[in-house]
Amino acid sequence: GYTGEEGFEIILPASKVSDFWEALLVAGVAPIGLGARDTLRLEAGMNLYGEDMDENNTPLESGLSWTVAFKPENRDFIGRRVLQAQRDKKEHQIMVGLILRDKGVLRAHQIVSIENGGKGQITSGTFSPTLGVSIAFARLPAGKYKDVTVTIRNKQLSAQVVKPPFVRHGKACIAS
């Protein structure tokens, strides 16, 4: 499912939905809202369209290079030349995971500063109830990073750069 955990899609006639919903509640299934779904999908390292990926950023810039089949070498597809050039030059922006080391909550559009003076931006961020820390995706200039600073309410706070996912099957995948 979109939360990174095992899920089910249930299809039934509209006339049966209310009874089915009530049966789920009686069985102890707890409903959740979009906020919980968004937190779980971020913990699972899953992008959200319009935030972490869109028509203005290539799959390589959105942490989705695994979705592009560059082989066989003669395989042609729309956008291949642009993606190939980005991959070869390694100058495109990259998507990374962040764990906030200080108190605060990482949110979309906060500015991320890197050591050489470069800047990036958080695309999605939230407090992770599973890890007990704030986590985020950020798009940064090409490079390798261990630590960055994030501007939150005019304060510079320290964050660790990690490779998502943050959580799988309820267990931490990274060291916070």
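## Backbone, pocket and salt bridges in a predicted model

Pro-72 sits in the loop that runs between helix H2 (34–43) and helix H3 (80–89). The model is predicted, and in it the peptide bond from Lys-71 to Pro-72 is cis, with omega near 5°. A cis bond also joins Pro-164 and Pro-165, where omega is about 10°. Pro-165 belongs to the loop between strand E6 (155–162) and strand E7 (167–168).

Two residues that are not glycine have a positive phi: His-109, at about 80°, and Asn-154, at about 65°. His-109 is in the loop between strand E1 (94–100) and strand E2 (111–113). Asn-154 is placed in the loop between strand E5 (147–152) and E6. His-109 is exposed, because its relative accessible area of 54% is over 50%. Asn-154 counts as exposed on the same cut-off, with a relative accessible area of 75%.

**Largest pocket**

The largest pocket holds about 810 Å³ of space. Its lining consists of 28 residues, and Gly-63, Leu-64, Met-95, Lys-163 and Pro-164 are the ones that lie nearest the centre. Pro-164 is also one partner in the cis bond to Pro-165. E1 and E6 each contribute at least two residues to the lining of the largest pocket. E1 gives the largest share, four residues. Sorted by class, the lining has 15 nonpolar, eight polar and five charged residues.

**Nonpolar surface patch**

Phe-8, Ile-10 and Phe-20 make a nonpolar surface patch of about 350 Å². Of these, Phe-20 lies in helix H1 (residues 17–26). The relative accessible area of Phe-20 is 31%, so this residue is partly exposed; a patch takes residues with over 30%.

**Salt bridges**

Side chains of opposite charge can pair when their charged atoms come close. The model has four salt bridges, among them the three in the table.

| Pair | Closest N to O distance |
|---|---|
| Arg-41 and Asp-52 | 2.8 Å |
| Arg-80 and Glu-73 | 3.9 Å |
| Arg-101 and Asp-147 | 2.2 Å |

Arg-41 forms a salt bridge with Asp-52. This pair links distant parts of the chain, with Arg-41 in helix H2 and Asp-52 in the loop between H2 and H3, 11 residues apart. Arg-41 is buried, with a relative accessible area of 0%. Asp-52 also counts as buried, at 0% relative accessibility. Together with Asp-38, Arg-41 and Asp-52 are linked in a network of salt bridges.

The side chain of Arg-80 meets that of Glu-73 in another salt bridge. Here Arg-80 is buried, with a relative accessible area of 9%, whereas Glu-73 counts as exposed at 53% relative accessibility.

Arg-101 is bridged to Asp-147. The pair links distant parts of the chain: Arg-101 is in the loop between E1 and E2, Asp-147 is in strand E5, and 46 residues separate them. Arg-101 is partly exposed, at 46% relative accessibility. Asp-147, at 40% relative accessibility, is partly exposed as well.

Conventions:
Residues numbered from 1 in each chain as written. Predicted model: local features only at pLDDT ≥ 70, side-chain atom pairs only at ≥ 80, totals over all residues. Heavy atoms only, no water. Buried < 20%, exposed > 50% of the residue type's maximum accessible area, 1.4 Å probe, protein only. 1 Å grid on protein atoms, 1.4 Å probe; cavity = no way out; pocket = protein on both sides within 12 Å on 5 of 7 lines; lining within 4 Å. Points joined across faces, edges and corners; volume = space filled by probe spheres on them. Nonpolar A, V, L, I, M, F, W, Y, C, P; charged D, E, K, R; others polar. Patch = residues over 30% accessible without salt bridge, like charges linked within 9 Å, V, L, I, M, F, W, Y side chains within 5 Å. Areas by Shrake-Rupley, 256 points an atom, 1.4 Å probe, with all protein chains shown as cover.
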